[in-house]
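Grab the viewer and let's work through a couple of exercises on a ligand site and a charged pair. Try each task yourself before reading the solution.

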Amino acid sequence: MLAAVAMMVVTSCSQNSLRVKRGKAPKMLVLYYSQTSNTKTVAQEIATRLHADIEEITLVEPYDTAFQATIERCKADREKGITPEIKPLKSNVADYDVVFIGYPIWFGTYAPPIATLLDKIDLSDKTVVPFCTFGSGGLESSIKDLDAKQPKAKIRQGYGVRAARMAAVPKEVEDFLARNSFTDGKFDMPEPFPEQHPVTADEAAIFDAAVDGYPMLNAKATTVASRSILDGEGTEYLFTAMDMPREKKADMPPASEIKVYVLVEKGKSPEFTQVVR
Ligand SMILES: Cc1cc2nc3c(=O)[nH]c(=O)nc-3n(C[C@H](O)[C@H](O)[C@H](O)COP(=O)(O)O)c2cc1C
């Protein structure tokens, strides 16, 4: 039984610890772009916990705050093959060992100001930790794009959170930093997911409840695996699902297979934490 498997408690005092390896505290910088403050909240949480320097990336011509106007400008910029001009950084990236880079996911990857940033700075041999906020997901695809732009950077596991789950940020950032040896905190390492099996009616109902009301998904779960987390206080599900376009339009992508992480905390409704496309 999954629930019967004891959680491994691992502390960050491992060989992985950056501090142990380097013999001195690494210099850390948190750089972020944020349009509506979600990413800013995560950036501040990270910087405060690590006593790191922090700098916001700002635009010479900020985006209009209206969603549709932002989309139109992004489309026009893309057609012209440009990304928005950013104001010069005050920080000298070369002075840092570890650079956290934060962004909202736009169109499946980091927002365009980060593309501008990545063309201006050199992250070769630096430890880079991506973090992002999103409506449904995009952490993995953005890390692939980051890796392609800065192939000599040592890109670490990133952190991503849905805009609808900002209340979870303090605890999740605390765990994330401990798990990656940036702090000495303890964290519970869940056991790996077992093999996927076809969804039962109960599991399908959990999936439907988790994605219910999210307008960008029209997905039906096919298989699932689950594991006990939060010291037995919750269950995490990894669903495989088919996502169908809601409307039949010529430019809509066909049905696609997605992975959806769902969290069910004891006494709470199911919520999805991330979609991986
Ligand atoms: C132009 C635009 C495009 C977006 N594209 C996506 C997307 O492709 N996937 C997604 O999950 N969320 C998408 N979002 C939602 C944002 O990632 C989300 O609201 C994020 O938390 C905003 O972060 P911020 O408050 O730091 O600006 C998009 C938002 C905007 C404004």
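**Exercise 1.** Sort the shell around the ligand by class, then find what holds the ligand's oxygen atoms.

*Solution.* Start with the classes: the shell has eight nonpolar, twelve polar and no charged residues. Here Ala, Val, Leu, Ile, Met, Phe, Trp, Tyr, Cys and Pro count as nonpolar, Asp, Glu, Lys and Arg as charged, and the others, Gly among them, as polar.

A quick note on the ground rules: this is a predicted model, where local features need pLDDT of at least 70 and side-chain atom pairs pLDDT 80 or more, while totals for chains, interfaces and linings use all residues. Residues are numbered from 1 along each chain, and side-chain values use heavy atoms, without hydrogens and water.

Next, look for polar contacts (N or O pairs within 3.5 Å). A ligand oxygen lies 2.4 Å from a side-chain N or O atom of Thr36. For Thr133, the side chain again supplies the N or O atom, at 2.7 Å from a ligand oxygen. With Gln35, a polar backbone atom is 2.7 Å from an oxygen of the ligand.

**Exercise 2.** Which residue forms a salt bridge with Asp119?

*Solution.* Apply the rule: a Lys or Arg side-chain nitrogen within 4 Å of a carboxyl oxygen of Asp or Glu. That gives ten salt bridges. The partner of Asp119 is Lys149, with the closest N and O atoms 2.9 Å apart. Now place both on the chain: Lys149 is in helix H5 (residues 139-149) and Asp119 in helix H4 (residues 112-120), so the pair links distant parts of the chain, 30 residues apart; helices are DSSP runs (H or I) of at least four residues, numbered from the N terminus.

Key:
Polar contact = N/O pair within 3.5 Å; in protein donor to acceptor, adjacent residues only side chain to side chain. Helix = DSSP H or I, 4+ residues; strand = E, 2+ residues; numbered from the N terminus.
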